[in-house]
Amino acid sequence: MTGHATLAPERPAPARHAAPLAAVPSDRLDLWLVRAPQGADATALDRSDLDAAESHRADSFIRPADGLLYAAAHVALRRLLGHYTGRHPADLRFVREPCPGCGGAHGRPAVADAPSLHFSLSHSSGLALVGVAAVPVGVDVERLPRDETVEVCVAALHPGEQAELSDTGGRERTELFGRIWTRKEAYLKGIGTGLSRAPSEDYLGAARDRHPEGWSVLDVPCGPGHAASAAVRGPAPRVVEVRTLPGAWLQGRPYDRTAAPALPAR
């Protein structure tokens, strides 16, 4: 797997295990798509696993749809990480790793007391993406921008990326910008700086041999209207699968550790 991820067939959601799972293999990247609940699914979303800060944040969005996606994404994150750690989702405690630039506690998010597990979360306009790996990982998903947004943002990119975009137009240009931008954000989240590092510093265009050394960047299939990417430290994972969490998996209380089928075989 060298440049893109493969969308796996729809499969059941992972089981809620009572015991910790084996460590994520170093050659595997698990990617989970989460779509914003609609209709009855939105009403049935179980937010009981969220902590007070997450619940407050979900309720603070101006647009209810954005708050609903945030809540669904964080419920999904907690329940997925609960599988990988064997812990109850509500008991997970998140911390920040040291910033690679200044050493402050605002680097990559991490699960406290789970040093061998790495994750990343992104959400945008009705769609969220969770990445889980044994090595530092960053993911990003973005709604494809309008032409005028591309015009405004292209100047912030690496000169090589700007040159590639100048050779395209229309829908192709919008999609190319989406791929470049999500690759860039995934990489910057992976290294722990986020956009505090200038987007112009790193090349994430079509020439993959020019991508940042020591990282593998993958395009993630996510359907029309969005672009998504993942970045992992080290060589490209041997196994990359993209799965969609069923909306029903974000419902239900109390938390049941035995109701669902098992995680994909590793």
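Let's start with a charged side chain sitting on a ring: R210 lies over the face of Y203, 3.9 Å from the ring centre. A charge counts as over a ring when NZ of Lys or CZ of Arg is within 6 Å of the ring centre and within 35 degrees of the ring normal. R57 does likewise with F61, lying over its face at 4.3 Å from the ring centre.

Before going on, a word about what you're looking at. This is a predicted model, in which local features need pLDDT of at least 70, side-chain atom pairs count only at pLDDT 80 or more, and totals for chains, interfaces and linings use all residues. Residues are numbered from 1 along each chain as its sequence is written, and side-chain values use heavy atoms, with hydrogens and water left out. As for pLDDT, that's the predictor's confidence in each residue, from 0 to 100. Its mean over the chain is 89, and 87% of the residues reach 70 or more.

Now for the overall layout. The chain has six helices and 10 strands; these are DSSP runs, numbered from the N terminus, with helices being H or I over at least four residues and strands E over at least two. Of the 266 residues, 51% count as buried, meaning under 20% relative accessible area, while exposed is over 50% and partly exposed is in between (1.4 Å probe, protein chains only). Among contacts (heavy atoms within 4.5 Å) with a separation of 6 or more, 68% join residues 24 or more positions apart.

So what's in the middle? In soluble globular proteins, nonpolar side chains tend to be buried together. Here a nonpolar core means a set of buried Ala, Val, Leu, Ile, Met, Phe, Trp, Tyr and Cys residues joined through side-chain atoms within 4.5 Å. In the largest one, with 30 residues, L81 and L250 touch the most other members. β2 (28-35), α3 (64-85), β5 (118-124) and β6 (127-133) each supply at least two residues of this core, and α3 gives the most, with 11. Leaving aside neighbours within four places in sequence, L81 is in contact with L92, F94, V111, L117, F119 and V132. A second, separate core of 18 residues includes L31, V220, C222 and V242.

Helix α3 is worth following from end to end. Of its 22 residues, 18 are buried, so the rest of the structure largely encloses it. A helix's expected span is 1.5 Å times one less than its number of residues; for α3 that gives 32 Å, and the end C-alpha atoms are 31 Å apart, which agrees. Just after α3, G86 takes a positive phi of about 75°.

Helix α6 (residues 170-191) also has 22 residues, and its end C-alpha atoms are 32 Å apart, in agreement with the expected 32 Å. It's mostly covered, with 16 of the 22 buried, and it's followed by G192, whose phi is positive, near 95°.

The whole structure holds four aromatic pairs, where rings of Phe, Tyr and Trp (its six-membered ring) have centres within 6.5 Å; planes under 30 degrees apart count as stacked, over 60 as edge-to-face and the rest as tilted. The rings of F177 and W181 have centres 5.9 Å apart and planes at 15°, so this pair is stacked. Because they're four residues apart in α6, F177 and W181 are separated by about one helical turn. F177 is buried, with a relative accessible area of 6%, and W181 is buried at 16%.
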